[in-house]
Amino acid sequence: MPKEVRLTQKGKENLERELDELKTTKRDEIAEKIEIARSYGDLSENAEYDEAKNDQAVLESRIAEIEAMLKHAVIIEDIDTGRVRIGAGVRVKNLLNNKEYVYEIVGSNETDPLRGKLSDESPVGKALLDKAPGDIVPVETPSGKIIEYQVLEVMRKEI
């Protein structure tokens, strides 16, 4: 049985938008590249044709990947429980360095650590799930070091 893909509503909409772009604009662009490359003659030694066909394969692979994700998508409901859950924003304080951070907990397909989007399967994301303001949460880093976070605020909306 295929693994369910947990997404926020926003994440699902982003995937649908990307899929539409790939199926229309990008497919047309690659088809045009292939036609131009074919016009150069002998396909056996035509680097432009090989590159365009490779681009087409990558594109079709991404389309299939997105279609599979959407087929098995489970949309995380926006329920305000006062606890950290997928789709919620959370403000935490690292008790080791006294710095505050704001994260959004998302499904693994929406992860973007540089934008504060942490997977529910990452060490920090997993540890924060179902915690409430005031909770102290120990997180083991990949190096084995334990960092404690204090949950300061759980925000209902995505960050």
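Which residue takes a positive phi in the hairpin of β6 and β7, and how many residues lie between the strands? In this predicted model, that residue is glycine 144, whose phi is near 95°, and the hairpin has five residues between its strands. The points below begin with the chain as a whole and then turn to its parts.

1. The chain contains three helices and seven strands, and if you follow these elements from the N terminus on, you will read them in the order β-α-α-β-β-β-β-α-β-β. The radius of gyration is 21 Å, which is well over the 15 Å that the globule rule gives for 159 residues, so the chain is more spread out than a compact globule. Along its principal axes, the C-alpha trace spans about 70 × 35 × 30 Å.

2. Of the 159 residues, 31% count as buried, and the accessible surface of the chain comes to about 9,800 Å², with 50% of that area belonging to carbon and sulfur atoms. When contacts between residues at least 6 apart in sequence are considered, 53% of them join residues that are at least 24 apart.

3. Five strands make up an open sheet with mixed pairing, and their order across the sheet is β5-β4-β3-β7-β6. The edge strands are β5 (117-119) and β6 (136-140), each of which pairs on one side only. Neighbouring strands of this sheet are turned against each other by 45° on average, if direction is ignored. As general background, strands of a sheet pair through backbone hydrogen bonds, in either a parallel or an antiparallel way.

4. Strand β3 (residues 89-94) deserves a careful look, since two pairings can be described for this strand. With β4 (residues 99-106), strand β3 pairs in the antiparallel sense over six bridges, and glycine 89 stands opposite glutamate 104 of β4. These two strands form a hairpin with four residues between them, and asparagine 98, which belongs to the turn, has a positive phi of about 60°. Six bridges also join β3 to β7 (residues 146-155), again with the strands running antiparallel, and here valine 90 has valine 154 of β7 as its bridge partner.

5. At the β6 edge of the sheet, β6 and β7 pair in the antiparallel sense over five bridges. Glutamate 140 has isoleucine 146 of β7 as its bridge partner, while valine 139 stands opposite isoleucine 147 in β7. Strand β6 has two faces that you can tell apart: Val137 and Val139 form the covered face, whereas Ile136, Pro138 and Glu140 form the uncovered one.

6. The largest nonpolar core has 15 residues, and the members that touch the most other members are Val90, Val92, Ile105, Val124 and Leu128. The elements that give two or more residues to this core are β3, β4, α3 (123-128), β6 and β7. A second, separate core has 14 residues, including Leu22, Ile30, Ile34 and Ile63. In soluble globular proteins, nonpolar side chains tend to be buried together. To see the surroundings of one core member, take valine 124: leaving out residues up to four places away in sequence, valine 124 touches Tyr103, Leu118, Val139 and Tyr149.

7. Is aspartate 120 buried or exposed? Aspartate 120 is found in the loop between β5 and α3, and because its relative accessibility is 4%, which falls below the 20% limit, this residue counts as buried. Apart from neighbours within four places in sequence, aspartate 120 is in contact with Arg6, Ile86, Ile105, Val106, Gly107, Ser108, Gly125, Lys126 and Leu129. The C-alpha atoms of aspartate 120 and glycine 11 are separated by 14 Å, although these residues are 109 residues apart along the chain.

8. Isoleucine 36, which lies in helix α1 (residues 9-38), makes a useful exercise in reading accessibility values. Its relative accessible area is 40%, so isoleucine 36 is described as partly exposed, a term that covers values between the limits of 20% and 50%. The C-alpha atoms of isoleucine 36 and tyrosine 49 are separated by 8.3 Å, and the two residues are 13 residues apart along the chain.

Technical notes: Residues numbered from 1 in each chain as written. Predicted model: local features only at pLDDT ≥ 70, side-chain atom pairs only at ≥ 80, totals over all residues. Heavy atoms only, no water. Pairing = 2+ DSSP bridges. Buried < 20%, exposed > 50% of the residue type's maximum accessible area, 1.4 Å probe, protein only. Axes fitted to C-alpha atoms, helices over the stretch in contact; angles between N-to-C directions. Rg over C-alpha atoms; globule rule 2.2 N^0.38 Å. Contact = heavy atoms within 4.5 Å. Areas by Shrake-Rupley, 256 points an atom, 1.4 Å probe, with all protein chains shown as cover. Core = buried A, V, L, I, M, F, W, Y, C linked by side-chain atoms within 4.5 Å.
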